[in-house]
Amino acid sequence: MRAALPQTPSHNAAQNKLATLSTNSSHRTIEGAKHVSLIVDEKYAHTTTQAVAAVAVLIAAGVPFLSVNFGQGDPRILPASYDSRAVADTLSARFPGEQAEPIKIVAQRPATDPAVIAYARKIKTLPGVDSVTINDSLPRNLSITSVMAHGTTQGTTAQGVVDSLRTNRASYPTYVTGSAAFLSDFTDNIAQRLPWALALIAVATFLLLFLMTGSVLVPIKALAMNVLSLGATFGALVWIFQDGHLSGLLGFQPFGTIEVWVPVVVFVFAFGLSMDYEVFLLSRISRIITSAAGLVMIVFLGFAIGDNLGIKQVGLALAIAVLVDATLVRCVLVPATMTLLEKANWWAPAPLRRLHDRIGLKEASSPVITDTSTSLEARWMTQSACASRS
């Protein structure tokens with residue numbers, strides 16, 4: 001057996017030096033890891049702050065829509081130079097309080113029928129009713145009972161009277177009509193069909209984005225962000241046109257209502273444009289979003305400078321929708337959520353993942369990326385491209 005070599009002082013010093021270097025290297029590695037961890041934590045904290053701030057701004061902008069009042073066909077939506085508007089203004093100035101349109105009850109009964117007269121007396125006792133008159137100049141088999149409600153022609157009181165008249169029917173068939181009845185029917189019709197329309201849009205959007213990405217969270221995020229963006233748009237619509245802010249700058253006279261058809265038109269166009277931007281991002285062509293949004297805004301602002309208040313409302317609301325969606329949502333909120341969720345952005349249950357592998361939409365000219373991390377990186381570069389330019 002070979003004898004062990006004696007440990008010389010120089011050999012011991014070398015060993016001590018190596019141990020010291022190893023210890024220092026370990027300390028530097030630990031310190032470096034801590035530094036990287038701090039940077040990552042700061043990045044996520046900053047991203048979280050951005051996301052929370054963006055959501056808070058969008059929610060705050062949408063709050064005014066909770067107090068929306070709808071109207072339809074008011075002469076004041078026309079420019080003051082129009083003859084019909086001038087006549088309406090003159091009549092309103094000379095005969096204040098006499099321009100309210102009555103709610104009319106039409107029946108195939110003569111005005112002298114005791115049942116018609118008794119029903120008119122009953123109507124006078126309903127809340128919100130000012131006066132009731134029966135038109136006796138019609139053919140014998142027809143009667144029209146005019147009911148004047150408190151407040152404006154299409155105000156909440158008038159619509160409440162319409163509901164009361166339809167709830168408290170006469171003993172004979174009657175038909176309730178007038179502008180307040182039309183507005184009530186229009187809003188009720190939209191409210192009845194709105195859940196079905198929203199469900200159809202949500203399902204179609206979810207399926208399309210799932211087929212494109214294979215992710216469950218991406219479609220859900222897109223729908224949630226669209227709700228925030230549209231809510232902010234509708235809130236701005238109420239704040240400007242119903243409450244009258246910026247009326248001097250935009251050249252209109254506010255009168256406390258929004259045209260009832262405007263939110264429907266704005267929703268259709270704004271939601272479609274928002275989905276276009278989402279598809280642009282996911283299709284790796286996000287660089288066209290800013291320029292496309294600018295061009296679309298110019299078109300819509302052309303409507304906003306028109307004289308008709310209804311068209312002005314549509315044009316400005318759509319311009320705001322494009323601005324909010326292409327900047328605050330796509331260039332702040334989307335990249336922030338992509339950073340926070342990381343690989344979870346592309347999560348889907350195993351059965352849905354296999355379904356996407358079979359029928360998902362794929363780019364024919366691009367190679368199929370099988371590695372999850374590479375796929376995530378390629379997709380994330382698309383999302384962060386917009387943020388880097390903002």
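Visitor: Where in the chain is Glu342 found?

Guide: Glu342 lies in the loop between H10 and H11. Please note at the outset that this is a predicted model.

Visitor: How should one read the backbone of Glu342, and what is its phi?

Guide: The general idea is that most residues other than glycine have a negative phi. Glu342 is a residue other than glycine, yet its phi is positive, near 50°. The residue comes just after H10.

Visitor: Is Glu342 buried or partly exposed?

Guide: Glu342 is partly exposed, because its relative accessible area is 40%.

Visitor: What is the phi of Leu246, and where is the place of that residue?

Guide: Leu246 is not a glycine either, and its phi is positive, at about 70°. Its place is in the loop between H6 and helix H7, the latter covering residues 247–250. With a relative accessible area of 42%, Leu246 is partly exposed.

Visitor: Let us turn to the whole chain. How many helices and strands are there?

Guide: The protein chain holds 12 helices and 6 strands. Of its 390 residues, 35% are buried. Among contacts with a separation of 6 or more, 73% join residues 24 or more positions apart.

Visitor: How does one read a nonpolar core, and which residues have the most contacts inside the largest one?

Guide: In soluble globular proteins, nonpolar side chains tend to be buried together. Here the largest nonpolar core has 47 residues, and Phe241, Val266 and Val322 have the most contacts inside it. The elements that give two or more residues to this core are H1 (9–62), H6 (217–242), H8 (262–282), H9 (289–304) and H10 (309–341). H10 supplies the largest share, 16 residues. Another core, of 21 residues, lies apart from this one and includes Tyr119, Val147, Ala149 and Ala170.

Visitor: Which residues does Val266 touch, beyond those up to four places away in sequence?

Guide: Val266 touches Thr233, Phe234, Phe271, Val314, Ala317 and Leu318.

Visitor: Ala317 appears in that list. Is Ala317 buried or exposed?

Guide: Ala317 counts as buried, because its relative accessibility is 1%. This residue belongs to helix H10. Beyond its neighbours within four places in sequence, Ala317 is in contact with Thr233, Leu237 and Val266. Ala317 and Leu301 are 16 residues apart in sequence, and their C-alpha atoms are 9.2 Å apart in space.

Visitor: What may be said of Gln313 and its contacts?

Guide: Gln313 is also found in helix H10. Its relative accessible area is 1%, so Gln313 is buried. Setting aside neighbours within four places in sequence, its contacts are Leu237, Phe241, Thr257, Ile258, Glu259 and Val262.

Visitor: How many residues of H10 are buried, and where does the helix bend?

Guide: Of the 33 residues of H10, 26 are buried, so this helix is largely enclosed by the rest of the structure. H10 bends by about 45° at Val329.

Visitor: How does one describe two packed helices, and at roughly what angle do the axes of H5 and H11 cross?

Guide: Two packed helices are described by the angle between their axes and the distance between the axes. The axes of H5 (residues 179–213) and H11 (residues 350–359) come within 8 Å and cross at roughly 75°. The two helices are therefore roughly perpendicular to each other.

Visitor: Which residues meet in the contact of H5 with H11?

Guide: From H5, Phe210, Leu211, Met212 and Thr213 meet Leu352, Arg353, Leu355, His356 and Ile359 of H11. The residues of this contact divide into 6 nonpolar, 2 polar and 1 charged.

Conventions:
Residues numbered from 1 in each chain as written. Predicted model: local features only at pLDDT ≥ 70, side-chain atom pairs only at ≥ 80, totals over all residues. Heavy atoms only, no water. Core = buried A, V, L, I, M, F, W, Y, C linked by side-chain atoms within 4.5 Å. Buried < 20%, exposed > 50% of the residue type's maximum accessible area, 1.4 Å probe, protein only. Helix = DSSP H or I, 4+ residues; strand = E, 2+ residues; numbered from the N terminus. Contact = heavy atoms within 4.5 Å. Axes fitted to C-alpha atoms, helices over the stretch in contact; angles between N-to-C directions. Parallel < 35°, antiparallel > 145°, perpendicular 65-115°, else oblique. Nonpolar A, V, L, I, M, F, W, Y, C, P; charged D, E, K, R; others polar. Bend = angle between axes of the 7 residues up to and from the residue.
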